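Let's take a walk through this structure together. Have the sequence and the 3D view side by side as you read.

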Amino acid sequence: MEFYGHMIARLDGGGIEKDFDRYSGFVQKGIAGFIVFGGEIGILRKYIGKLQDSSSQPLIIASDLEQGLGQQVKGGTIFPPAMALSSAYKSCGSDGGEIMRRVFGAYAEESLYAGINTILAPVVDINTNPHNPVISVRSFGEDGETVSLMSGIMIETLQSNGIVACAKHFPGHGDTSIDSHISLPVLNKGMGELEEVELLPFKKAVAGGVRSMMLAHISVPSIDKTGVPLSISGKAVEYIRNRLGFNGMLMTDALNMGGILSTGRNRAGEMALNAGVDILLHPADPDELNDHLKGGNRSYNIGDVEDFRRGLMVRADKIPDFRSNASLAEMITWRSIQMDQGIGDIKPTSVVIVKEDKKLSCGIFEGYLRERFAGIKYFRISDDRVPGPALTGNNVLTVIFSTTAAWKGNMPEWFNGSIQKIKDRTRLFVVFGNPYVVHEINKPKVLTFWCSEQAERAAVKKMEEFHE
């Protein structure tokens, strides 16, 4: 027996034309589908279409599009992260729900045009730990009600527009301080607390008809006392099927992640199928994993993935209104920005720019500051050197650029230390990216939730409106 039909393999969109024979070979072997990373929309559409045409059943073409097609694919529209969308939703008042449906409708429209029929979102993790290195702004919020509401709108909108949504990462990755891409987090919470907090959005997602769910590489002893990652746990699958009543497609998180390294990637795939998981996501080597599974337990407890695939859309022919979607993303970015009421008149004596990574852009916002506040000193920190006494006065404007990303781990010590060293002299923080880097600092703040030129333009607009 071949097991390709229970795998979603990696597809590098930038090389799909060059490597097309390899991907076509997987289709001939019966692969369930692909997870897309990168590429250009026109080329992807062409070659994914060819793969679909060569398959006897529709392929699952998935991608991590938490921020829309532009998060992965050139030519697509990128929207702010989930936490920013929640902020925009609240600022839009009674129109919030309809505007969010337009946002998620754009996700669906553009994705289907590119050939993607499964979006690995929403993130239904509740970000209850401000030191979480990998969820943070990818979460809709810090409470179950907000996360359930926003993820519910996303699920309903995506699926009513032909996209399969995926609730992730069961049972909740929000209260962890370790990135499961790197190593295995352990969530030591009792079932009572899990069901009141972490599991609430999953219950709502199931009630809302979500069609797929992703299991995290997280150990939760109250669900499975053996300590294995829940992505390969029969106890976790039993809970999802029997307690949550979920009958859709279950998939592991990516099998190339560090959270299952101690188990062994091929052994983890075998354990997942034994547990009753339907799809093995992103195996490091599909051929090697297939050979391993053929030599393992032949009575795997797996569902009918082909039946699930028969209901998938293959593509959409209508060309999306990319210009309108880009305008919507700009508006949402502007609406999402939070400014403390007590900012007052901004007349900095110095500007400090703290960049977690030297490659992060800051040109748009810095240009605005230099034009508005001419003649003051500017300092850049992108390592452990802090200007200290060179700063002028105690009315410093500190601008922070950071990102939240998989495989990255915690913020570097110099970054957190630099912020701490200048916080007392800072009059106002403007944060592009992770808002939790100033979570415990009681100073006026402008929060944008992501690090992008789009966010910089929106912040400039906000600041200009503030000074009018």
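**Starting from helix 5**

A good place to begin is helix 5, whose buried residues are Gly-144, Thr-146, Val-147, Ser-148, Met-150, Ser-151, Ile-153, Met-154, Ile-155, Thr-157 and Leu-158. Keep in mind throughout that you are looking at a predicted model. The spacing in that list is worth a thought: an α-helix has 3.6 residues a turn, so residues three or four places apart point the same way. What do the buried residues of helix 5 pack against? Their partners are helix 3 (82-91), helix 4 (96-114), strand 4 (118-119), strand 5 (164-170) and helix 7 (200-207).

You can also check the length of this helix. Helix 5 covers residues 144-160, and at 1.5 Å a residue its 17 residues should span 24 Å; the C-alpha atoms at its ends are 24 Å apart, so expectation and model agree. Now look at what flanks the helix. At the N-terminal end, Asp-143 acts as a cap, with a side-chain oxygen 3.3 Å from the backbone nitrogen of Glu-145. After helix 5 comes Gly-162, which has a positive phi, near 90 degrees.

Two of the packing partners, helix 3 and helix 4, also meet each other. Their axes come within 8 Å and cross at roughly 145 degrees, and the crossing is right-handed. Helix 3 brings Leu-85, Ala-88 and Tyr-89 to this contact, while helix 4 supplies Gly-96, Gly-97, Met-100, Val-103, Phe-104 and Tyr-107.

Met-100 deserves a second look. Leaving out residues up to four places away in sequence, Met-100 touches Leu-85, Ala-88, Tyr-89, Met-150, Ile-153 and Ile-332. Among these, Met-150 and Ile-153 are on the list of buried residues of helix 5, and Leu-85, Ala-88 and Tyr-89 take part in the crossing from helix 3. Which residues touch the most other members of the largest nonpolar core? They are Phe-34, Met-100 and Phe-170, in a core of 92 residues. Helix 4 gives the most to this core, with 10 residues. Another core lies apart from it; this one has 26 residues, including Ile-337, Leu-369, Ile-376 and Ala-458.

Strand 5, another partner of helix 5, leads us to Ser-212. This residue lies in strand 6 (residues 212-215). Is Ser-212 buried or exposed? It is buried, because its relative accessibility is 0% and the cut-off for buried is under 20%. A polar atom of the Ser-212 side chain lies 2.8 Å from the backbone oxygen of Ala-165. Beyond its neighbours up to four places away in sequence, Ser-212 touches Val-164, Ala-165, Cys-166, Ala-167, Phe-246 and Met-249.

Moving on from strand 5, the loop between that strand and helix 6 (191-196) holds Lys-189. With a relative accessible area of 12%, this lysine counts as buried. What does its side chain meet there? The Lys-189 side chain makes a polar contact of 2.9 Å with the side chain of Asp-175. Apart from neighbours within four places in sequence, Lys-189 is in contact with Asp-175, Leu-194, Glu-198 and Ser-222.

Next, some backbone geometry to look out for. Most residues other than glycine have a negative phi, and most peptide bonds are trans. Against that background, the peptide bond from Ala-121 to Pro-122 is cis, with omega near 15 degrees; Pro-122 sits in the loop between strand 4 and helix 5. Lys-168 and His-169 are joined by a cis peptide bond too, with omega about 5 degrees, and His-169 is in strand 5.

As for phi, Trp-407 has a positive value near 70 degrees without being a glycine. Trp-407 is in the loop between strand 12 (396-401) and helix 14, and is partly exposed, with a relative accessible area of 47%. Phe-449, also not a glycine, has a positive phi of about 75 degrees. Its loop runs between strand 14 (445-447) and helix 15 (453-467), and at 4% relative accessibility Phe-449 is buried.

Let's finish at Arg-425, in the loop between helix 14 (413-422) and strand 13 (426-432). This arginine is partly exposed, at 23% relative accessible area. Its C-alpha atom is separated by 60 Å from that of His-292, a residue 133 places away along the chain.

Definitions and conventions. Residues are numbered from 1 along each chain as its sequence is written. This is a predicted model: local features need pLDDT of at least 70, side-chain atom pairs count only at pLDDT 80 or more; totals for chains, interfaces and linings use all residues. Side-chain values use heavy atoms; hydrogens and water are left out. Helices (H or I, at least four residues) and strands (E, at least two) are DSSP runs, numbered from the N terminus. The expected span of a helix is 1.5 Å times one less than its number of residues. Buried means under 20% relative accessible area, exposed over 50%, partly exposed in between (1.4 Å probe, protein chains only). Contact means heavy atoms within 4.5 Å. A polar contact is a pair of N or O atoms within 3.5 Å; within protein, one must be able to donate a hydrogen and the other to accept it, and residues adjacent in sequence count only if both atoms are side-chain atoms. A nonpolar core is a set of buried Ala, Val, Leu, Ile, Met, Phe, Trp, Tyr and Cys residues joined through side-chain atoms within 4.5 Å. Axes are lines fitted to C-alpha atoms, for helices over the stretch in contact, and angles run from 0 to 180 degrees between N-to-C directions. A crossing is left-handed if the near helix is turned anticlockwise from the far one by less than a right angle, and right-handed if clockwise.
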